[in-house]
Amino acid sequence: MKKRVLVVDDEDLIRWSLKDELTREGYTVLSVGTAAEAIEQLSRGGVDVTISDINLGDGSGLDILRYARENLPSMPVVLMTAYGDVNGAVDAMRSGAAHYISKPFDLSVLRMELEKVCETSSLRDQVLDTQERRRRRYNFGSIITGDEGMKRVISEAVMMAANPSATVLIQGESGTGKDLMARALHYESPRAGKPFLEISCTAIPENLLESELFGYEKGAFTDAKGQKKGFFDTADGGTVFLNEIGHMPLTLQAKLLRVIEDKVFMRLGGTEETACDVRIIAATNEDLQEAVRKGGFRGDLYFRLNVLSVSLPPLRERKGDILPLAGHFLARFSGEMRKDVPVLSEEAQAVMTAYRWPGNIRELRNVMERVMILGAGREIAGVWMREQIGKTSGLGAAPSGEVCFRLPPEGISLEAVEKDFIRQALESAGGNQVKAARLLGISRDALRYRLEKHGLRYS
């Protein structure tokens with residue numbers, strides 16, 4: 001769609017020529033002869049691009065440019081200068097003109113330059129629109145909670161966002177919303193207009209992870225045909241989100257520590273350091289203190305990452321948030337699928353509230369998506385809700401809310417099941433008995449009793 005152009009020139013012939021040429025190109029053209037008329041027209045709105053002569057009878061095109069920069073910062077202004085007026089051109093560009101054209105000019109050249117300016121303006125508008133949509137989606141207000149503990153976490157995170165330099169470590173079980181918190185910290189901070197780049201430390205092999213983070217120079221390895229910028233280059237001024245930081249290899253941990261402390265890094269195969277200005281946000285569901293104790297994570301890096309810490313509670317500790325979150329997901333899926341929202345019966349709500357949601361908010365979202373697809377427009381019974389939880393998670397919610405497993409036809413050894421689950425919990429918790437007991441829903445003393453009972457030994 002062609003844009004609305006305001007032409008400003010005190011020569012009638014030039015105004016007429018420009019209006020005729022641009023109108024034939026599909027632009028909607030307004031034309032005035034003075035700076036005062038131009039500013040009055042701009043104050044009414046509806047102008048996408050302004051083309052103005054610098055020398056006007058009642059003022060200067062620079063006056064129009066200054067007005068536009070103060071009141072219409074996203075609108076490009078093209079200034080026309082007399083041939084050889086270098087000072088005028090320099091002043092125009094310093095003041096923020098999108099382009100300048102020397103008089104006399106070729107109309108075809110002006111047309112091409114205007115197309116470039118409009119294309120650049122459209123791309124900038126798209127970027128700004130994308131950033132604005134992300135700000136609306138990823139902000140602290142988008143985190144649904146009525147839990148007092150979670151409200152305190154958000155209040156602290158708001159203060160962290162206002163300090164865009166310090167690193168932040170987000171901790172919490174899988175599915176608790178660490179990625180949403182990371183984005184809120186970025187988009188609610190002064191860095192919101194700069195890139196937010198996320199990388200998973202578990203999804204990429206070590207050699208590729210290093211090149212993704214730091215980039216490489218031509219010839220650094222066999223397939224390095226040219227220089228490549230890494231995340232710390234590309235995100236300059238913004239945020240790098242290191243998800244699952246607990247799985248980062250020790251060799252890379254040392255290089256990351258250098259970035260945090262000195263704000264410099266070196267590309268693979270490079271010989272010179274590159275400065276960077278990024279905020280690092282890291283997230284993990286691992287016990288990093290335990291990993292430090294066992295030598296799997298650098299202690300100095302842990303302390304540098306843990307300058308500011310956010311701990312997200314699991315959904316089972318936020319019982320009052322289960323139904324509001326479920327309602328939010330159902331409403332969202334209803335809009336996406338264009339289906340009626342199902343009604344959750346009291347029995348269904350009781351099942352959901354009693355269930356422990358080991359997969360946290362991610363599991364709840366998946367269950368609600370299944371309910372929306374299969375149960376749209378009808379009332380959801382408690383029994384049916386238990387079935388959907390079981391099918392989505394591989395687990396079923398017993399009437400009491402405890403997790404239950406289907407007994408195979410050939411039967412099973414209860415002792416073997418208990419022993420296997422204790423072993424799985426300990427492995428998942430990295431040998432941490434407190435965390436393993438929490439995963440099993442029992443006390444640490446009860447876990448120790450079962451360890452002795454089954455002859456299991458864990459430090």
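## The second largest pocket

How much space lies in the second largest pocket? About 740 Å³, going by this predicted model. Its lining is made up of 26 residues. If you want to find the middle of the pocket on screen, look for Gly 177, Asp 179, Leu 180, Phe 329 and Ile 361, the lining residues that lie nearest its centre.

Three helices give two or more residues each to the lining: H7 (178-187), H13 (322-337) and H15 (360-375). H7 hands over the largest share, with five residues. As for chemistry, the lining is a mix: 10 nonpolar residues, nine charged and seven polar.

## H2 against H3

Now to helix packing, starting towards the front of the sequence. Helix H2 covers residues 35-44 and helix H3 covers residues 61-71. Their axes sit 9 Å apart, and the packing angle is about 15°. Angles under 35 degrees count as roughly parallel, so that is the label for H2 and H3. The crossing of this pair is right-handed.

Which residues make the contact? On the H2 side they are Ala 35, Ala 38, Ile 39, Leu 42 and Ser 43, while H3 brings Asp 63, Ile 64 and Tyr 67. Sorted by class, that gives six nonpolar residues, plus one polar and one charged.

## H17 against H18

Further along the chain, helix H17 (residues 414-428) packs on H18 at an angle of about 130°, and their axes are 8 Å apart. At that angle, H17 and H18 are oblique to each other. H17 passes H18 in a right-handed crossing.

Here Phe 421, Ile 422, Ala 425, Leu 426 and Ser 428 of H17 meet Gln 433, Ala 436, Leu 439 and Leu 440 of H18. What classes do these residues fall into? Seven are nonpolar and two are polar, with no charged residues in the contact of H17 with H18.

## H18 against H19

H18 (residues 433-440) also packs with helix H19 (residues 444-453). The two axes come within 9 Å and cross at roughly 95°. The range from 65 to 115 degrees counts as roughly perpendicular, and H18 and H19 therefore get that description.

From H18, the contact uses Gln 433, Val 434, Ala 436, Ala 437 and Leu 440. Their partners in H19 are Arg 444, Leu 447, Arg 448 and Leu 451. The split for H18 with H19 is six nonpolar, one polar and two charged residues.

It's handy to look at H18 with both neighbours shown. Gln 433, Ala 436 and Leu 440 are among the H18 residues that meet H17, and these residues also take part in the contact with H19.

Key:
Residues numbered from 1 in each chain as written. Predicted model: local features only at pLDDT ≥ 70, side-chain atom pairs only at ≥ 80, totals over all residues. Heavy atoms only, no water. Axes fitted to C-alpha atoms, helices over the stretch in contact; angles between N-to-C directions. Helix = DSSP H or I, 4+ residues; strand = E, 2+ residues; numbered from the N terminus. Parallel < 35°, antiparallel > 145°, perpendicular 65-115°, else oblique. Left-handed = near helix turned anticlockwise from the far one by under 90°. Contact = heavy atoms within 4.5 Å. Nonpolar A, V, L, I, M, F, W, Y, C, P; charged D, E, K, R; others polar. 1 Å grid on protein atoms, 1.4 Å probe; cavity = no way out; pocket = protein on both sides within 12 Å on 5 of 7 lines; lining within 4 Å. Points joined across faces, edges and corners; volume = space filled by probe spheres on them.
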